[in-house]
Amino acid sequence: MGLLRSVVLAGGGTGGHIYPLLAFADAVSRHYPEVRITTLGSPKGMENELIPPAGYDLRVIPAFQLPRSVNMNLLRTPDRMWKSAHAAGKILDEVQADVVVGFGGYVSVPAYLAAWRRETPIVIHEVNVPPGVANRMGMRFTKNVAVGFPTQPQQAESLKDARVVGVPLRTALTHLDRAALRPQALYQFGLRPDLPVLFVSGGSSGARTINLAVAAAAKRLSHSGIQVLHVQGGRNDPFDVPADLPVPYKVIPYLSDMQLGYAAADLMLCRSGAITVAETTALGVPAVYVPYPFSNQEQKRNALPVVEAGGGVLVDNAELTPEWIEQHIIPLARDRQRLAAMGHAAARYGRRDGDEALLEFVLEAVAKAR
């Protein structure tokens, strides 16, 4: 593979940027084991917990929050950003980077700047609408923009010419046969095989609204014969679940093997971050999406096309109460036919080859630049 010898991957801050980066890194090393992979991260982001254990070289450079508007901070940005881009540039030179692939997060900006100055090809992968600040800035330097979902080019003018590649997901998920893994997953969580399972997760840090509403509905769910597998999430306060329920209600603080949760699930209740939506649809898991309310509504935009395709249900954060769960989730969780139809619709929307499709796009970008 003469074309690609060294790739630099930039992305950090949250799981939404780091998980696709890692899945893409895995695809590169699977197909081209001789290619050097270097990742750029910031000192405080989640990348420090996630990237080194995955076995990739993480180089930390200073990253600064970009001001969203023109103010005094913007005037100070060039100096700080210049230092940061200089640090990124030294790494690009050292590893003789052929391409920079950026997944967003503030750490991507110095990488984009350093690559642009060196005329090193840049590929941007964006999963949200509107695109994040860092990727918006990167789009000034490159036309190689890839997106995770088929609706993004219609939803944002800046993405109208982007290539839809899907979201790179780990092979533990893309190779998952839910039905085959289900008995083991149920056994592992102590769940019964004869009753439906509601899988609840608010993302890696959890979602307090979801946690409290489901815990408060525990009795009603249980007496309707619905089991619950509830991931509390890393940064969340514990909540009380009644002790004497007639069917299992399992609370686990954190779940790193999400494939087991998906295998156990008949229905999921979750936030609609881009990665969650990419995973539930790739695996055909019917879901009730509760978009995170405090943002520019990108989570609502992530979930809406899935819901319109028949693969999920949308509920506002403010409306998710124990009563809503009783009225909507209980009948849905017990309706096997409707769940099967939703699962098929979700799977038609989702895709499992995001890692491979992005790799193909990156190889094209490098070939074009030669």
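How many positive and negative side chains does the protein have, and how far apart do the centres of the two sets lie? Let's count them up: there are 37 positive and 33 negative side chains, and the two centres sit 4 Å apart. Keep in mind as you look around that this is a predicted model.

Now step back and take in the whole chain. You'll find 16 helices and 13 strands in the protein. The C-alpha trace spans about 65 × 45 × 35 Å along its principal axes. How does that fit with a compact globule? For 370 residues, such a globule would have a radius of gyration near 21 Å, and the protein has 21 Å, so the two agree.

What about inside and outside? Of the 370 residues, 58% are buried, and a residue gets that label when its relative accessible area is under 20%. On the outside, the protein exposes about 16,100 Å², with carbon and sulfur atoms supplying 52% of that area. The contacts tell you about the folding pattern too. Take those between residues at least 6 apart in sequence: 66% of them join residues at least 24 apart.

For a single pair of residues, go to helix α15, which covers residues 336-349 and holds A340. Is A340 buried or partly exposed? Its relative accessibility is 38%, so A340 counts as partly exposed, a label for values between 20% and 50%. From A340 to A287 you'd have to travel 53 residues along the sequence, yet in space the two are 11 Å apart, C-alpha to C-alpha.

Next, some backbone oddities. Most residues other than glycine have a negative phi, and most peptide bonds are trans. With that in mind, look at Q96, which isn't a glycine but has a positive phi of about 50°. You'll spot Q96 in the loop between α3 (72-95) and β4 (99-102). Its relative accessible area is 62%, so Q96 is exposed, as the cut-off for that label is over 50%.

E119 is another non-glycine residue with a positive phi, here about 55°. Look for E119 in the loop between α4 (108-117) and β5. With a relative accessible area of 73%, E119 is exposed.

Follow the chain on through β5 (122-126) and you come to the loop between that strand and α5 (133-138), where P130 is found. Which kind of peptide bond leads from V129 to P130, cis or trans? That bond is cis, with omega near -5°.

Technical notes:
Residues numbered from 1 in each chain as written. Predicted model: local features only at pLDDT ≥ 70, side-chain atom pairs only at ≥ 80, totals over all residues. Heavy atoms only, no water. Helix = DSSP H or I, 4+ residues; strand = E, 2+ residues; numbered from the N terminus. Rg over C-alpha atoms; globule rule 2.2 N^0.38 Å. Buried < 20%, exposed > 50% of the residue type's maximum accessible area, 1.4 Å probe, protein only. Contact = heavy atoms within 4.5 Å. Areas by Shrake-Rupley, 256 points an atom, 1.4 Å probe, with all protein chains shown as cover. Lys, Arg positive; Asp, Glu negative; His and termini not counted. Charge placed at Lys NZ, Arg CZ, Asp CG, Glu CD.
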